[in-house]
Amino acid sequence: MAFDKMELKDIEVWDGNFAAAQAMRQSQVDVVAAYPITPSTPIVEGYAKFLADGYIEGEFVMVESEHAAMSACIGAAAAGGRVATATSSQGLALMSETLYQASGMRLPIVLNLVNRALASPLNVNGDHSDMYMIRDSGWIQFDAFCSQEAYDLNFIAFKVSEDHDIRLPAIVNQDGFMTSHTAQGVKTLSDDAAYGFVGEYKPMNDMLDFEHPVTHGVQTEEDWHFEHKARQHNDLMTKVMPKIQSVFKDFEKLTGRKYNPVEKYNMDDADVCVVCLGTSVETAREVASDMRAKGIKAGVIGLRVIRPFPFFEIAEALKNVKAIAALDRSSPNGAAGMLFNEIAGALFNTDTKALLSGYIYGLGGRDLTKAHLVALFNELQANADAGKVTTKLQQFIGVRGPKLAFL
Amino acid sequence: MLEIRWHSRAGQGAVTGAKGLADVISTTGKHVQAFAFYGSAKRGAAMTAYNRVDDKVIMNHEKYMEPDYVLVIDPALVFTSDVTINHKESTRYIITTHMSTDELIKAQPKLAGKKVYTVDCMTIANDTIGRPIPNTPMLGAFMKISGMYEMDFFKESMKRVLGKLPQKIIDANMLAIQRAYDEVK
């Protein structure tokens, strides 16, 4: 190979950004086209440095906008290379048109999305507004709760996304700053083990295969458009989750680290439970353990896979719970929160009598404290005891001013 | 769980210091976390950085902290920001200043009755490294007050953390760490 290998310690102290950059190096990404934006900048900066230092055989393309960054990624993926990039917030918003192009053209691209609030008002800190904005764009979406998972999920994302039965782009989400700039111990893979897991890139219908000319990015009107979209949805609904499960299994065999589409914590006999995303999952797990010591049977569900939505898995996980809180770190701006709606949909035709309430929290990086979560679990227990939701269905956690509650 | 809060100005190396400390501690088998609040991210702006250390995996991602140690690496921050916020009975303060501990407490009465230690990391950094980068000397002072590690082990570990810097700079940092260790009161 024409590049140098890097010796890593078994455990390195890395933040989520550096963990993602290292995973991109170890996966030997051929092309990264990027327009850096806080807080995701160090990911593509890291790739560029590894490339300049001779640790990668690839290409870093500097472009004039995020729209151009994803466009160049689409071109490179269509040409037949392993492709990745990173962005956040406004960058993702500008990319959004091309995200639909990438998934519709069935191009495997890995996007590290470092979750950040959307303006206005301008804010660089972590919330899930950007993640939610593009949730129907046809990309597979994984969610990391800490830097170890940002590292691991990159390898998993390449392997799922590039599979010839899948060929759909994948996003690896991590919380801006709370993961991306928080250094923790990350158990590493050797360069050989990591590359061995992801495997050599095998192109399909690549434009640079001149023996087999193909057309990409075509126009279809009412004659074929619906069939293309339906087939893409069909693959997301039927093929992607089994593939993710099998890649999770392969990864567990290699590393001992087990991932599940729905990550359950203390759920076996839980009366009350919180469903959330990102770093909040880990903080909630710690508080759930504390609540057990106080006699409240608390559990936590974290979504590892957001798209395709694990509809049946989440219904199964919640079937014996008495009171559920859906925590959304994004303003729904005139509706119930995304997780509230998805969970309600998953539970509606089941026998469960669980009480579901929604909470909006953490916008623009506002802290979710352990004290908040203690109060939340107590409120859920009160609901379970009363046999009804004792509050409005939608409340806000940690916002100043008069208490806000709706629905 | 051991928790540390750093008060610094952006550019003085609190993040590097917090990450370097986490790196050293991680090699001893403990679990670590290092993060920061960047605020408006302008060089010179007041900012805070944080460490958590525990025997088990650290799952707590809240930003709220009642620190065991407060490390202040810019002398003016004692007066312009509240370094005693979220104080608990056992919190210890290590503060960069040219003043003695008594003079400092007289100048900032909020510190009265608290466990306060002082060291002049600015002068030490200027004398040894030749630049006012007070993060590594603060780590030397922290080793003395916390008794966390033997100096030999800590300095060897820091040599590895600083590995990519020129030898002259590494040597100067070692001098700075030792001087702060010896001089903190």
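Colleague: Why does Pro36(A) count as partly exposed?

Modeller: Pro36(A) has 19 C-beta neighbours inside 10 Å. A residue is buried with 20 or more other C-beta atoms within 10 Å of its own, exposed with 12 or fewer, and partly exposed in between, with C-beta atoms placed from the backbone; Pro36(A), with its 19, therefore counts as partly exposed. This is a predicted model, in which local features need pLDDT of at least 70 and side-chain atom pairs count only at pLDDT 80 or more, while totals for chains, interfaces and linings use all residues. Residues are numbered from 1 along each chain as its sequence is written, and chains are lettered from A and ligands numbered from 1 in the order in which they are written.

Colleague: Where is Pro36(A) found, and which residues does Pro36(A) touch?

Modeller: Pro36(A) belongs to the loop between strand 2 (31–34) and helix 2 (41–52) of chain A; helices (H or I, at least four residues) and strands (E, at least two) are DSSP runs, numbered from the N terminus. Leaving aside residues up to four places away in sequence, Pro36(A) touches Thr41(A), Val44(A) and Glu45(A), contact being C-beta atoms within 7 Å. The loop between strand 2 and helix 2 of chain A also holds Pro39(A), and the peptide bond from Thr38(A) to Pro39(A) is cis, with omega near 0°.

Colleague: What makes Arg106(A) buried?

Modeller: Arg106(A) has 20 other C-beta atoms within 10 Å, so it is buried. This residue sits in the loop between helix 4 (89–104) and strand 5 of chain A, and its phi is near 55°, a positive value in a residue other than glycine. Asn86(B) likewise has a positive phi of about 55° although it is not a glycine, but Asn86(B) is partly exposed because 13 other C-beta atoms lie within 10 Å. Most residues other than glycine have a negative phi.

Colleague: Why is helix 6 of chain B called roughly antiparallel or parallel to helix 7 of chain B?

Modeller: The axes of helix 6 (residues 151–161) and helix 7 (residues 167–183) of chain B come within 10 Å and cross at roughly 150°. That makes the two helices roughly antiparallel, since angles over 145 degrees carry that name, those under 35 count as roughly parallel, 65 to 115 as roughly perpendicular and the rest as oblique. Among the residues that meet are Met151(B) and Met158(B) in helix 6 of chain B, and Ile170(B) and Tyr181(B) in helix 7 of chain B.

Colleague: What makes helix 1 of chain A roughly parallel to helix 6 of chain A?

Modeller: Helix 1 (residues 16–26) and helix 6 (residues 147–161) of chain A pack at an angle of about 25°, with their axes 8 Å apart. That angle makes helix 1 of chain A roughly parallel to helix 6 of chain A. Their contact includes Ala19(A) and Ala23(A) of helix 1 and Ala150(A) and Phe155(A) of helix 6.

Colleague: How do you know where the largest nonpolar core lies?

Modeller: The largest nonpolar core (buried Ala, Val, Leu, Ile, Met, Phe, Trp, Tyr and Cys joined through C-beta atoms within 7 Å) has 172 residues, and Val275(A) and Ile324(A) have the most contacts inside it. Domain 1 (11–255) and domain 2 (265–406) of chain A both give residues to this core, so it lies between them. The domain bounds come from an automatic or database domain assignment. Ile324(A) touches, among others, Cys273(A), Val275(A) and Leu318(A).

Terms used:
Two residues are in contact if their C-beta atoms, placed from the backbone, lie within 7 Å. Axes are lines fitted to C-alpha atoms, for helices over the stretch in contact, and angles run from 0 to 180 degrees between N-to-C directions.
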